[in-house]
Amino acid sequence: MAGHSKWSSIKHKKGAADAKRGKLFTKLAKTITVAAREGGGDPDGNPALATAIQKAKAESMPKANIERAIDRGTGEGADAEAVERIQFEGYGPGGAAILVEALTDNRNRTSAEVRHAFSRHGGSLGEPGSVAWMFETHGVVVVDGEKYSEDDLIGAIDAGASDVIVDDGKLKVLAEPGDLTAVREAIEADGIPAGEFGLEVVPKNTVEIGEDDAGTLIKLLDAIEDQDDVNEVHANFDIPDEVLEKLAG
């Protein structure tokens, strides 16, 4: 997770993660549609939808596109489509566990594309359940760690927050997915601005990847993420910062 997160940040800074706007919006719309279909169209009561909308807004996706995607998910849109969520599990070079979430209207096509990406870049797909147990989903609310401390978040703990983690100048308030809305509201009720919030898939443990495997692993992850139907990729690797910077360069 740590390495994967850092790699995503480096790619973003260098512009390597900038996809074509149309392709990006298509992926974001699928995420919103499926989240709305599975949990309803109200983001206040649907953490997955709230997360998807937040990501879409961060990429400057027009409000009309967001609303249209929600309507498709709730069945109110005229152009509703049969998009389903499927998950792939596998391993990459160095033994890194990889969890892939795809949103697709053609399961066979997506399965073939993901399998090809794994096999071409030194990875291997596993059976359902082979790596999913290594990850867990948290509700996360981010607070400015330079202005506030853990002592300021007592209200969040009372509302159901399970932990507070200091991460690069920020405070990450963790909660069960079902408690996310109550925790965010408690933080804001105490006069503390809540930054990003949503659901985050994190590994229970990380695997250190050496320089010999790092390059191939990154190519594998990039190949998977480049698939049109792939929505999210989670991995449990950690790679030293200097190696990541060298790869990004």
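A residue is called buried when its relative accessible area is under 20%, exposed when that value is over 50%, and partly exposed in between. Keep those cut-offs handy, because they decide what we call each residue below.

What you are looking at is a predicted model, so let's start with how confident the predictor was. The average pLDDT of the protein is 84, and 89% of the residues score at least 70. One stretch to treat with care is residues 13–19, where the pLDDT is below 50. Leaving out near neighbours in sequence, that stretch makes six contacts in the model.

Now the overall picture. The protein contains nine helices and ten strands. It has 249 residues, and 41% of them count as buried. Take the contacts between residues with a separation of 6 or more: 72% of these join residues that are 24 or more positions apart.

Let's zoom in on helix H4, which covers residues 63–74. Its twelve residues reach 17 Å from the first C-alpha to the last, close to the 16 Å expected at 1.5 Å a residue. Which residues of H4 are buried? They are Ile-66, Ala-69, Ile-70, Arg-72 and Gly-73. Look down the axis of H4 and you'll find these buried residues within an arc of 160°, so they line one face of the helix. There's a general idea that helps here: an α-helix has 3.6 residues a turn, so residues three or four places apart point the same way.

Both sides of H4 along the chain have something to show. After H4 comes Gly-75, with a positive phi near 90°. Before H4, in the loop that joins it to helix H3 (47–58), sits Ser-60. Ser-60 isn't a glycine, yet its phi is positive too, at about 65°. Is Ser-60 buried or exposed? Its relative accessibility is 57%, so Ser-60 counts as exposed.

Next stop: helix H7, residues 180–189. The buried residues in H7 are Leu-180, Thr-181, Val-183, Arg-184, Ala-186 and Ile-187. What do they pack against? Quite a list: H3, E4, helix H6 (154–158), strand E5 (161–167), strand E6 (170–175) and strand E7 (197–203). Once H7 is over, you meet Gly-191, which has a positive phi near 80°.

Stay with Arg-184 for a moment. Its relative accessible area is 11%, and because the cut-off for buried is under 20%, Arg-184 counts as buried. Setting aside residues up to four places away in sequence, Arg-184 touches Asp-44, Val-141, Ala-194 and Phe-197. What does Arg-184 do at Phe-197? Arg-184 lies over the face of the Phe-197 ring, 4.3 Å from the ring centre. As for rings pairing with one another, a search of the whole structure finds zero aromatic pairs.

Further along the chain is helix H8, made up of residues 211–225. H8 has 15 residues and reaches 21 Å from its first C-alpha to its last, close to the 21 Å expected at 1.5 Å a residue. Its buried residues are Ala-214, Gly-215, Leu-217, Ile-218, Leu-220, Leu-221, Ala-223 and Ile-224. Thr-216 is in H8 as well, but at 35% relative accessibility it counts as partly exposed. Which residues does Thr-216 touch, if you skip those up to four places away in sequence? The answer is Pro-93 and His-121. Pro-93 is 123 residues from Thr-216 along the chain, and yet their C-alpha atoms are separated by 6.7 Å.

Two more residues let you follow how the chain folds back on itself. Ala-132 lies in the loop between strand E3 (124–125) and strand E4 (135–144), and at 24% relative accessibility it is partly exposed. Again not counting residues up to four places away, Ala-132 touches Gln-87, Glu-89 and Leu-99. Its C-alpha is 9.2 Å from that of Pro-203, a residue 71 positions away along the chain.

Finally, find Glu-208 in strand E8, residues 207–208. With a relative accessibility of 66%, Glu-208 counts as exposed. How far is Glu-208 from Asn-236 in space? The two are 8.7 Å apart, C-alpha to C-alpha, with their positions 28 residues apart in sequence.

Terms used:
Residues numbered from 1 in each chain as written. Predicted model: local features only at pLDDT ≥ 70, side-chain atom pairs only at ≥ 80, totals over all residues. Heavy atoms only, no water. Phe/Tyr/Trp six-rings, centres within 6.5 Å; stacked < 30°, edge-to-face > 60°. Lys NZ or Arg CZ within 6 Å of the ring centre and 35° of its normal. Helix = DSSP H or I, 4+ residues; strand = E, 2+ residues; numbered from the N terminus. Expected span 1.5 Å × (residues − 1). Buried < 20%, exposed > 50% of the residue type's maximum accessible area, 1.4 Å probe, protein only. Arc of directions from axis to C-beta. pLDDT = per-residue confidence, 0-100. Contact = heavy atoms within 4.5 Å.
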